[in-house]
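Reader: I'm new to reading structures. Please pick one part of this one and take me through it closely.

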Amino acid sequence: MSRIIICDDNVAHLHLISKIAEKVVGNAGTVEQFSSPLDMLHAVFEKGEKPDLIILDYMMPELDGLQTLRILRDKGVMSKAVIVSAYFKEVVEKLIPSNNVSVIVNKPFSVQDLSDRIGAALGIK
């Protein structure tokens, strides 16, 4: 059973990404949504269950996606990660030192592209 956690402060994007992820995992997984990185971090650490995949928007008001990912990594959460961003060049430059990001998806994205990338990150065809 795959567990996916998605965090995006844009509610419309959050729902779209969640719908795509739900189609990829079907009945073989769960998808949790958060519009706040702080709420997401609290939920991950409170449950103590590591997700199989974390999908993060890059630009969020409280913490950006990379800051959020670094906190997870520092606490031992080494789940696969997908960063979604309209700031593609900036994200790529910041990721060069490596933050264990599986995939960077550029906004705007196609439903098929994001679906394929989520499936690949989870090992689902």
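Author: Here is a close look at helix 1 and the core beside it. Keep in mind that this is a predicted model.

Start with the basics. Helix 1 covers residues 11–25, which makes 15 residues. From first C-alpha to last it reaches 21 Å, close to the 21 Å expected at 1.5 Å a residue.

Now the two ends. At the start, a side-chain oxygen of N10 comes to within 3.0 Å of the backbone nitrogen of A12. Just after the helix, G26 has a positive phi of about 55°.

Next, the sides. L14, I17, S18, I20, A21, V24 and V25 are the buried residues of helix 1. Viewed down the helix axis, they fall within an arc of 165°, so they line one face. Why can residues spread along a helix share a face? An α-helix has 3.6 residues a turn, so residues three or four places apart point the same way. On the other side of helix 1, A12, K19 and K23 are exposed.

What does the buried face meet? Its residues pack against strand 1, strand 2, strand 3, strand 4 and helix 5.

That leads to the core. The largest nonpolar core has 20 residues, and I4, I6, L53, I55 and I118 have the most contacts inside it. Strand 1, helix 1, strand 3, strand 4, strand 5 and helix 5 each give two or more residues to this core. Helix 1 supplies the largest share, 6 residues.

Take I55 as an example. Beyond its neighbours within four places in sequence, I55 is in contact with residues including I17, I4, V82 and I118. Another core, of 18 residues, lies apart from this one; I5, M40, Y58 and L72 are among its members.

Methods: Residues numbered from 1 in each chain as written. Predicted model: local features only at pLDDT ≥ 70, side-chain atom pairs only at ≥ 80, totals over all residues. Heavy atoms only, no water. Helix = DSSP H or I, 4+ residues; strand = E, 2+ residues; numbered from the N terminus. Expected span 1.5 Å × (residues − 1). Buried < 20%, exposed > 50% of the residue type's maximum accessible area, 1.4 Å probe, protein only. Arc of directions from axis to C-beta. Contact = heavy atoms within 4.5 Å. Polar contact = N/O pair within 3.5 Å; in protein donor to acceptor, adjacent residues only side chain to side chain. Core = buried A, V, L, I, M, F, W, Y, C linked by side-chain atoms within 4.5 Å.
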